[in-house]
Amino acid sequence: MKVALVHLATRETPQATLEKALELLHQAHQEGAQVAVLPELFPSGYRFADAAFTPAVLTHLEQFSSQTGMTLVAGVLERAGERHANRARVMGPAGQGACYTKTHLIPAFGEPETMVPGQDLVALELGGFKVGIAICFDLRFPELFRAYALQGVSLFLIPSAWPMSRSYAWELFCKARAAENQAYLVAVNHAEEPFGAPSLAVDPLGMELLRLESEGLGVVALDPSYPARLRQDFPVFPQRRPELYQGLLKSPTSK
């Protein structure tokens, strides 16, 4: 399965950002991509007033998906009652869709005060893979990715807005989450400051397959059979000792 990484800078308006996104998505379609991932909150960033334009942006993306047959994973900002929600919307060519709401909210950007946290993990079948969706700061919580892997997920798709100033941690987490779960990982970031950490595709050994450091597009081919072969040839999960880890689940905060 060919996956496109759309390493995109958010413009001054959602309309301008959408125009650039569609330009890169058409390029991805020409290069044979079946799936494309856009960054977290890609049309707006944290400009809350721009959440009003999200429905129109999603309509355009749904039309593109229907016309091209591509599946899109897009990070968007949506209204959620008195607050907002940081979501990844999945749009398929036949109108099928899924929605993941970010479960771990980052204090550095005021998300606990402005956003509603997601309550569910979202996994779906796509191109021979079982795919798990996460968003940015979720990478700091390995329990989420292990929970996905134990459900059979073999590909993580992660819209993100990770600062360049912490790119050392970003690269470490992306590669660790892939290697420790023997799964592919595709994490797509914003191209503009204060974000700008590279977009990455990582294989189930934690090896880098693709890196984008400036605005543009990259397409990577992923083998759906490889994670299962690796898990069979080098078994890790059967050696887990969950009876020793139960304390992790007793409290969501450290003492």
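Which residue in strand 2 does V3 stand opposite? Select V3 and look across: the partner is V35. Keep in mind that this is a predicted model.

Now widen the selection to strand 1 (2-7) and strand 2 (35-37). These two pair in the parallel sense, over 3 bridges. Add their neighbours and you get an open sheet of 6 strands with mixed pairing, in the order 5-4-3-2-1-12. Strand 5 (97-101) and strand 12 sit at the edges with a single partner strand each, so one side of each has no neighbour in the sheet. On average, neighbouring strands here are turned by 30° against each other, direction ignored.

Next, pick helix 1, residues 14-30. Its 17 residues reach 24 Å from first C-alpha to last, close to the 24 Å expected. The helix lies across strands 1, 2, 3 and 12, running at about 30° to strand 12. Show its side chains: the buried ones include L18, L22 and L25, along with K20. Among the elements covering the buried residues are strand 3 (71-80) and helix 2 (54-68). Just past the helix, stop at G32, where phi is positive, near 85°.

Hop over to helix 2, which lies across strand 3 and strand 4 (83-91) and runs at about 165° to strand 3.

Last stop, the cysteines. There are 0 disulfides to find. Select C99: its sulfur is 17 Å from the closest cysteine sulfur, in C136, which is too far for a bond. C174 is in no disulfide either, with the sulfur of C136 nearest at 9.1 Å. C99 counts as partly exposed because its relative accessibility is 27%, while C174, at 0%, counts as buried.

How values were computed:
Residues numbered from 1 in each chain as written. Predicted model: local features only at pLDDT ≥ 70, side-chain atom pairs only at ≥ 80, totals over all residues. Heavy atoms only, no water. Helix = DSSP H or I, 4+ residues; strand = E, 2+ residues; numbered from the N terminus. Expected span 1.5 Å × (residues − 1). Buried < 20%, exposed > 50% of the residue type's maximum accessible area, 1.4 Å probe, protein only. Contact = heavy atoms within 4.5 Å. Disulfide = S-S within 2.5 Å. Pairing = 2+ DSSP bridges. Axes fitted to C-alpha atoms, helices over the stretch in contact; angles between N-to-C directions.
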